[in-house]
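This report covers salt bridges and enclosed cavities in one protein model. The sequence and structure come first, and the description follows.

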Amino acid sequence: MCKKILLVLTGLLGASSFLMQPAYTQTAPMIVGTWFGSIVITSINGKISHDTAVLIIEKSGSQIIGGMGRTIDQLTPWTEGALENSHLKFHLDAAGGLNVSLALAGEHLAGTAAGSGIKAQVDLRPAPGLMPHQRLEQEIMSVDRQLYESFGNCDVAGYASFLSNNLEFYQDRTGETGYEQNLKALKDRCAEGIRLRRELDPNSLVVNSAPGFGAIQAGIQRFYSRTQDGQEHLDATASFTTIWSKESGYWKLVRVISYDHH
């Protein structure tokens with residue numbers, strides 16, 4: 001039975017943001033999901049380059065929304081496309097007019113792209129933790145804010161809810177710690193009547209997808225100590241890199257590097 005779908009392709013050759021007209025296709029539930037892998041591009045002069053490729057196909061009611069590209073946040077829609085019996089075919093509305101065909105083989109999607117002398121080989125495998133960049137950034141900033149609100153309010157249970165039991169935390173002042181040590185440090189600090197407020201430098205923030213995990217976040221943060229008399233002073237400024245992963249549907253902090261403290 002044929003159904004209308006809307007297909008949107010992400011950044012194989014450039015950036016754009018407009019949506020294309022629906023195409024007709026048969027449903028193929030096994031192909032719905034997020035895929036990540038390699039793309040080998042042969043240019044018109046024979047030069048070969050290697051890059052990563054991302055494909056997202058989501059089912060919303062009777063529609064399938066898709067996107068593919070070198071990075072998950074660049075958008076280049078295709079002008080027409082069809083998903084038929086686990087084969088995905090589309091035409092890029094971009095310079096070179098690439099025609100791309102992908103087929104499901106075992107646990108991966110493999111296919112070719114060609115147009116105006118450019119050829120590509122694509123090989124993708126399931127990567128369920130990846131999502132479009134804008135939505136990913138919004139989700140990570142939301143859990144990041146909740147994490148540090150709990151931290152600053154000495155809400156130990158709330159703070160713990162954002163930490164993976166397998167947390168690995170490295171700080172250049174104290175070395176490597178884990179889940180239990182970080183909870184104990186917060187409890188001890190709060191028992192002494194000290195509160196820490198974390199301030200994020202918004203201009204330094206970067207959020208990207210992290211294959212195998214979910215999201216990687218980096219930036220600069222400042223911590224201010226506040227004593228019981230209300231006095232506050234800058235305790236530390238540090239660069240940081242954090243990795244988030246979804247566990248049972250919830251974002252959890254699994255890796256932290258906090259460095260260059262001063």
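A residue is called buried when its relative accessible area is under 20%, exposed when that area is over 50%, and partly exposed in between. The model described here is a predicted one.

**Salt bridges**

The model holds seven salt bridges. Three of them are set out below, with the distance between nitrogen and oxygen.

| Residue | Partner | N to O distance |
|---|---|---|
| Glu139 | Lys246 | 3.5 Å |
| Asp144 | Arg198 | 2.6 Å |
| Arg197 | Glu232 | 3.1 Å |

Glu139 and Lys246 pair through their side chains at 3.5 Å, N to O. This bridge ties together distant parts of the chain, since Glu139 belongs to helix α1 (residues 133-152) and Lys246 to strand β16 (residues 232-247), 107 residues apart. Glu139 has a relative accessibility of 24%, so Glu139 counts as partly exposed. Lys246 is also partly exposed, because its relative accessible area is 40%.

In the bridge between Asp144 and Arg198, the closest N and O atoms are 2.6 Å apart. Here too distant parts of the chain are linked: Asp144 lies in helix α1 and Arg198 in strand β13 (residues 195-200), with their positions 54 residues apart in the numbering. Are these two residues buried or exposed? Both Asp144 and Arg198 are buried.

The side chains of Arg197 and Glu232 form a further salt bridge, at 3.1 Å from N to O. Arg197 sits in strand β13 and Glu232 in strand β16, 35 residues apart, and the pair again connects distant parts of the chain. Arg197 is partly exposed because its relative accessibility is 31%. For Glu232 the relative accessible area is 37%, so Glu232 is partly exposed as well. Arg197 and Glu232 belong to one network with Glu199 and Arg222, joined by salt bridges that share partners.

**Cavities**

Rolling a probe the size of a water molecule over the atoms reveals where empty space remains. In this model there are two cavities of 30 Å³ or more. The largest cavity has a volume of about 40 Å³.

Which residues line the largest cavity? The lining consists of Asp144, Leu147, Tyr148, Arg198, Gln217, Phe240, Thr242, Trp244, Leu253 and Val256. Asp144 and Arg198, the partners of the 2.6 Å salt bridge, are thus named in this lining. Helix α1, strand β16 and strand β17 (250-259) each contribute at least two lining residues. By residue type, the lining has six nonpolar, two polar and two charged residues.

How values were computed:
Residues are numbered from 1 along each chain as its sequence is written. This is a predicted model: local features need pLDDT of at least 70, side-chain atom pairs count only at pLDDT 80 or more; totals for chains, interfaces and linings use all residues. Side-chain values use heavy atoms; hydrogens and water are left out. A salt bridge is a side-chain nitrogen of Lys or Arg within 4 Å of a carboxyl oxygen of Asp or Glu. Helices (H or I, at least four residues) and strands (E, at least two) are DSSP runs, numbered from the N terminus. Buried means under 20% relative accessible area, exposed over 50%, partly exposed in between (1.4 Å probe, protein chains only). On a 1 Å grid over the protein atoms alone, a cavity is a set of points where a 1.4 Å probe fits but cannot get out, and a pocket is an open set with protein on both sides within 12 Å along at least five of seven lines; lining residues have an atom within 4 Å of a point. Grid points are joined across faces, edges and corners, and a volume is the space filled by probe spheres set on the points. Ala, Val, Leu, Ile, Met, Phe, Trp, Tyr, Cys and Pro count as nonpolar, Asp, Glu, Lys and Arg as charged, and the others, Gly among them, as polar.
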